[in-house]
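Work through the exercises below with the model open. Each one gives a task, then a solution in steps.

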Amino acid sequence: MSGESQRFLAATRLQPVDATPVWFMRQAGRCLPQYRALRERYSFLELATNSELSADVTCLPVDLLGVDAAVVFADIMLPLQGMGVDFEIREGTGPVIAEPIRSEAQVRDLRVIPAQEATPYLFPAIRDARQRLAERAGLVGFGAAPFTLACYLVEGRGSRDYPHVRSLIHSDPELWGRLMTTLTEVLARYLTAQAEAGADVVQLFDSWVGVLDRATFTRHVAPHLEALIRRLRPMLPVVYFSTSSSHLLEAIAATGPDGVSVDWRLSLAEAWPRLGPGRFIQGNLDPAAVLAPWPALESAAQEVLRQAAHRPGHIFNLGHGVLPDSDPDRLRRLVELVHEWGPSPAQRPAS
Ligand code: CP3
């Protein structure tokens, strides 16, 4: 079984498609038994920093699930390796920064070096995956958006509402601005190098931006995001992902991404007009629906497709990452369901 890169790329350009393209965030790691078998032998960072294994894992879901796009097997934390920031990825906890960045001296000491030196293993992996996928699937490169990377740097680890981050923004907006400027530069280099290596689109993961109110987002985050998107868009389409952020939707659209990935809390029918014309939309099935019995999953997926209503530029995805307990067979059946939903009206034979 295989997907289609043309279908995926056409949707990013709002062109007609023969079927709705589909892929899943976090489809490469987590739930696949083949990935788990590799993890018995290697740590996550060993896998991600080995170009050949990383390309293998990137391509797995295309072969196993039939999705229309692969996501590069990497992590949002990897660019920190070139910045002189010591971190680990702890099982069950996620990323942990040895010394959270909160002082002026620490921000000054952050290094900005060429992406090829910071993460040399990544670009051969992307070139290899691009070649292996050929026309079967698109290739999604990714990084964090500057805010979410700052969240880990400042808080030191994942958090419910990032109090140290919000407090830094309010108590020292100038230092915050410098941190965001540095991260934006690092991410621009990291994502540009991914585009040059063969990624078809890049996705900015801003998983935790929903902790901000709209005024704070607009003043202290959006200008950096806009600058990053402006650097990348001449090369390839940029997708912006966030969660719990429906209060920010218009402000997000104003930063200029080509596409927006929305979580399940807001229906696509509501999100679409609020994002305005000219954008593709990814989403937005609740990842927890994948754990439900098939008839419930089927009707939840059909509801998403009904909400999308065959608008040009719908890419079916989950509203957040695949949950680790998801059954790959379910995901494969879900891909079939999406593909069978039918072509966009422009492609249907006249009756
Ligand atoms: O499909 C994939 O899983 C591959 C690519 C991918 C990973 N991380 C690999 C990974 C992607 C797209 C990410 C993005 C990512 N990483 C985000 C944004 C998306 C989101 O879920 O909000 C965030 C916040 C991170 C930070 C991170 N890295 C966390 C919170 C964790 C902990 C555990 C987990 O599974 O989420 C990681 C480690 C990590 N990154 C793993 C994988 C496959 C798990 C490591 C393992 O195999 O033990």
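**Exercise 1. Place N284 in its strand, then inspect the peptide bond before this residue.**

Step 1. Find N284 in strand β8, which covers residues 280–285. This is a predicted model.
Step 2. Look at the bond that joins G283 and N284: this peptide bond is cis. Its omega is about -15°.

**Exercise 2. Where is L14, and what is the sign of its phi?**

Step 1. Locate α1 (5–12) and α2; L14 is in the loop between them.
Step 2. Read the backbone angle. L14 has a positive phi, about 60°. L14 is not a glycine.

**Exercise 3. Describe how β2 and β3 are arranged.**

Step 1. Take the direction. Strand β2 (residues 87–90) and β3 run antiparallel.
Step 2. Count the bridges: 4 join the two strands.
Step 3. Pick a facing pair. I89 stands opposite P95, a residue of β3.
Step 4. Follow the chain between the strands. β2 and β3 form a hairpin, with 3 residues between them. G92 lies in the turn and has a positive phi of about 85°.

**Exercise 4. Which residues are closest to the ligand, and which polar contacts can be listed?**

Step 1. Define the shell. A residue belongs if one of its heavy atoms lies within 4 Å of the ligand. The shell holds 23 residues. R30, Y35, R39, S207 and H320 are the closest.
Step 2. Check polar pairs against the cut-off, N or O atoms within 3.5 Å. In S207, a polar side-chain atom is 2.5 Å from a ligand oxygen. For H320, the distance from a polar side-chain atom to an oxygen of the ligand is 2.6 Å. The side chain of R39 places an N or O atom 2.7 Å from a ligand oxygen.
Step 3. Turn to area. The ligand alone exposes 840 Å², and the protein buries 88% of that.

**Exercise 5. Characterise the ligand site by pocket, elements and residue class.**

Step 1. Identify the pocket: the ligand takes the space of the largest one.
Step 2. Assign elements. α2 (33–41) and β3 (94–97) each give the shell at least two residues.
Step 3. Sort the shell by class. It has 14 nonpolar, 5 polar and 4 charged residues.

Methods:
Residues are numbered from 1 along each chain as its sequence is written. This is a predicted model: local features need pLDDT of at least 70, side-chain atom pairs count only at pLDDT 80 or more; totals for chains, interfaces and linings use all residues. Side-chain values use heavy atoms; hydrogens and water are left out. A polar contact is a pair of N or O atoms within 3.5 Å; within protein, one must be able to donate a hydrogen and the other to accept it, and residues adjacent in sequence count only if both atoms are side-chain atoms. Accessible areas come from the Shrake-Rupley method with a 1.4 Å probe; for residues, only the protein chains shown count as cover. On a 1 Å grid over the protein atoms alone, a cavity is a set of points where a 1.4 Å probe fits but cannot get out, and a pocket is an open set with protein on both sides within 12 Å along at least five of seven lines; lining residues have an atom within 4 Å of a point. A molecule sits in a cavity or pocket if more than half of its atoms lie within 2 Å of its grid points. Ala, Val, Leu, Ile, Met, Phe, Trp, Tyr, Cys and Pro count as nonpolar, Asp, Glu, Lys and Arg as charged, and the others, Gly among them, as polar. Two strands pair if DSSP finds at least two bridges between them.
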